[in-house]
Amino acid sequence: MSQRESGYERIECDCYETPEWVTRALLPHLGNIKSVWEPAAGSGKMARVLEAAGLQVLSTDISAGQDFLLAREQSVDAIVTNPPYISATQFIEHALRLMSGGGKVAMLLRTDFDHAKRRRHLFSDCPAFAR
Ligand SMILES: C[S@@+](CC[C@H](N)C(=O)[O-])C[C@H]1O[C@@H](n2cnc3c(N)ncnc32)[C@H](O)[C@@H]1O
C-alpha cells in the first residue's frame, strides 16, 4: 500500500476489509495447520476464506466486545488477521506472546511496515520472524 494521501476518507476503527484474493494468496504460507484465530474479523471477510479452505476458524472482533489486546490464549494453530493499522504493532506483540508456546502468527501489513527502526524487535531482531 502507498503512504501517499489517497483522498479516501478514513474508515472508523480502521475497518478496511481484505479482498478475498489476498487471503487466498496467504493460505499456502500457513503450512499444515488445522485451526485459526481471526481476532479482528470485522464482517468476516478473511474468516470466510479461511473456512472455505477447510480451516476451523475462531472469529472475534472488538465490535462484538472482544478486544484482542486483552484476550487470553486460545487453542489454535495460528493467529491470522489484517490488524487495525493504528494498533498493528500491539496486535503483533500480543499475538507473538499468545503463540510463544508454539504456533504461527500471520499479519497482513503495509509493505513498508518493517522499515521502522522502532519495529526491529518484530522483524530482524525477532527469532520468530519468517518473512
Ligand atoms: C482492517 S479491519 C480488518 C477486518 C478483517 N480482518 C478483514 O481483513 O476483512 C480491522 C478490524 O479490527 C477491529 N479492531 C480494532 N481494534 C480491535 C481490537 N483491539 N481488538 C479486536 N478487534 C479490533 C475493527 O473492529 C475492524 O473490524
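Histidine 121 touches Glu93 and Cys126 once residues up to four places away in sequence are left out, a contact being heavy atoms within 4.5 Å. The model here is a predicted one, so to speak of local features takes a pLDDT of at least 70 and side-chain atom pairs count only at pLDDT 80 or more, while totals for chains, interfaces and linings use all residues. Residues are numbered from 1 along each chain as its sequence is written, and side-chain values use heavy atoms, with hydrogens and water left out.

Back to histidine 121: this residue sits in the segment after S4, where helices (H or I, at least four residues) and strands (E, at least two) are DSSP runs numbered from the N terminus. Its relative accessibility of 36% makes histidine 121 partly exposed, on a scale where buried means under 20% relative accessible area, exposed over 50% and partly exposed in between (1.4 Å probe, protein chains only). The C-alpha atoms of histidine 121 and glutamate 93 are 9.2 Å apart, with the two positions 28 residues apart along the chain counted as their separation.

As for the overall layout, the protein has three helices and four strands, and these run α-β-α-β-β-α-β along the sequence. Of the 131 residues, 39% are buried. Among contacts with a separation of 6 or more, 60% join residues 24 or more positions apart.

Much of the packing can be followed from H3. The buried residues of this helix are Ala88, Thr89, Phe91, Ile92, His94, Ala95 and Leu98, and they pack against strand S1 (35-38), strand S3 (78-81) and S4. In soluble globular proteins, nonpolar side chains tend to be buried together. Here the largest nonpolar core (buried Ala, Val, Leu, Ile, Met, Phe, Trp, Tyr and Cys residues joined through side-chain atoms within 4.5 Å) has 16 residues, and Trp37, Phe68 and Ile79 have the most contacts inside it. H3 gives the largest share of this core, five residues. Another core, of 12 residues, lies apart from it and includes Leu30, Ala47, Leu55 and Ala78. Isoleucine 79 has a long contact list: beyond four places in sequence, it touches Trp37, Pro39, Phe68, Ala95, Leu98, Met99, Lys104, Val105, Ala106 and Met107.

Some of these names come back in the second largest pocket. On a 1 Å grid over the protein atoms alone, a pocket is an open set of points where a 1.4 Å probe fits, with protein on both sides within 12 Å along at least five of seven lines, and lining residues have an atom within 4 Å of a point. The second largest pocket holds about 820 Å³ of space, the volume being that filled by probe spheres set on the points, which are joined across faces, edges and corners. Its lining has 25 residues, with Val105, Ala106, Met107, Phe129 and Arg131 nearest the centre. Helix H3 (88-98) and strand S4 (104-107) each supply at least two lining residues, and S4 gives the most, with four. By type, the lining splits into 17 nonpolar, four polar and four charged residues, with Ala, Val, Leu, Ile, Met, Phe, Trp, Tyr, Cys and Pro taken as nonpolar, Asp, Glu, Lys and Arg as charged, and the others, Gly among them, as polar.

What about charge pairing? Side chains of opposite charge can pair when their charged atoms come close. The structure holds two salt bridges, each a side-chain nitrogen of Lys or Arg within 4 Å of a carboxyl oxygen of Asp or Glu. In one, arginine 110 meets aspartate 112, with the closest N and O atoms 3.1 Å apart; both residues are buried. In the other, glutamate 20 pairs with arginine 24 at 3.8 Å, N to O. Both lie in helix H1 (residues 20-26), four residues apart, or about one turn of the helix. Glutamate 20 is partly exposed at 40% relative accessible area, and arginine 24 is partly exposed at 46%.Helix H1 also holds threonine 23, which is buried at 0% relative accessibility. Beyond its neighbours within four places in sequence, threonine 23 contacts Thr18, Met46, Val49 and Leu50. Proline 19, in the segment before H1, is partly exposed at 36%.
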